[in-house]
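Thanks for making time. I have one chain to walk through, and I'll keep it quick. Let's put it on the screen.

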Amino acid sequence: MDLVKRSLVVALLGFGAGIAFLGAAHAGKGDRVLSVPRGSPILERKVLDLRFADFAQGIWASDVPTCQRLEAIDAADDGTAVAVFRGLIETPDRICLVYGAETGSVNSQRAALNCDLESGEEALGLITLRRSGKEGLLIQDGTHEPRYFQFCKPILPVTRSVTQ
């Protein structure tokens, strides 16, 4: 019986201490509000888009023979073909979705990407696209050297390809 009484007293004291602890905290409205700037200095005066610039839209190949035999981007050799359509870019080893793109000028664009790799993994990336002449596109993936691609063919939207 003595053990039961001690257990009950310890439990009540623990419960009382817990109540006292909770009751001692006094927080007023806004006590924990932090001063957070509305925008990042890096993004000041910049408009982010969720799609690639019009100059980059289409299927691009490293050379004319690659373009002529190109049936599907994922069947091409690595580094020889790229498809850019709206907010997507596809290469033989990955497909990426734009989650933020900034247009530096009429002829260049930088975009942050979320990619699904052929291996099944995911990756984030940064890509820079630059128009090169009338039919060329320089693509720089991260810190790698830029690669030259020439325009191969346009990508028709599904709604237009069904009606034509």
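Start with the surface. The chain's accessible surface is about 12000 Å², and carbon and sulfur atoms account for 58% of that. Keep in mind that this is a predicted model. Of the 164 residues, 29% count as buried.

Now the layout. The chain has 3 helices and 9 strands. Reading from the N terminus, the order is α-β-β-α-β-β-β-β-β-β-β-α. How much of the contact map is long-range? Take contacts between residues at least 6 apart in sequence: 41% of them join residues at least 24 apart.

Next, the interior. In soluble globular proteins, nonpolar side chains tend to be buried together. Here the largest nonpolar core holds 19 residues. Which of them touch the most other members? Phe 52, Ile 89, Leu 113, Ile 127 and Leu 129. Five strands each supply at least two residues of this core: S3 (81–85), S5, S6 (108–117), S7 (122–132) and S8 (136–141). Apart from this core lies another, of 9 residues. Among its members are Ala 61, Cys 67, Leu 70 and Ala 81.

Back to Ile 127. Leaving out residues up to four places away in sequence, Ile 127 touches Phe 52, Ile 89 and Leu 113. Its list also includes Gln 109, Arg 110, Ala 111, Ile 139, Gln 140 and Asp 141.

Now Val 98. This residue sits in strand S5, residues 94–105. Is Val 98 buried or exposed? Its relative accessible area is 4%, so Val 98 is buried. Beyond four places in sequence, Val 98 contacts a run from Asp 49 through Leu 50 and Arg 51 to Phe 52. Gly 87, Ala 111, Ala 112 and Leu 113 are also in contact with Val 98. Take the Phe 52 pairing. The two residues are 46 apart in sequence, yet their C-alpha atoms are 7.7 Å apart.

Last item: aromatics. A search of the whole structure turns up 1 aromatic pair. The partners are Trp 60 and Phe 151. Why is the pair edge-to-face? Because the ring planes sit at 80°, with the centres 5.3 Å apart. Trp 60 belongs to strand S2, residues 58–61, and Phe 151 to strand S9, residues 147–153. So the pair ties together parts 91 residues apart in sequence.

The two partners also differ in cover. Trp 60 has 3% relative accessibility, so Trp 60 counts as buried. Phe 151 has 29%, so Phe 151 counts as partly exposed; the cut-off for buried is under 20%.

That's the tour. Over to you.

Methods:
Residues are numbered from 1 along each chain as its sequence is written. This is a predicted model: local features need pLDDT of at least 70, side-chain atom pairs count only at pLDDT 80 or more; totals for chains, interfaces and linings use all residues. Side-chain values use heavy atoms; hydrogens and water are left out. Helices (H or I, at least four residues) and strands (E, at least two) are DSSP runs, numbered from the N terminus. Buried means under 20% relative accessible area, exposed over 50%, partly exposed in between (1.4 Å probe, protein chains only). Contact means heavy atoms within 4.5 Å. A nonpolar core is a set of buried Ala, Val, Leu, Ile, Met, Phe, Trp, Tyr and Cys residues joined through side-chain atoms within 4.5 Å. Rings of Phe, Tyr and Trp (its six-membered ring) pair if their centres lie within 6.5 Å; planes under 30 degrees apart count as stacked, over 60 as edge-to-face and the rest as tilted. Accessible areas come from the Shrake-Rupley method with a 1.4 Å probe; for residues, only the protein chains shown count as cover.
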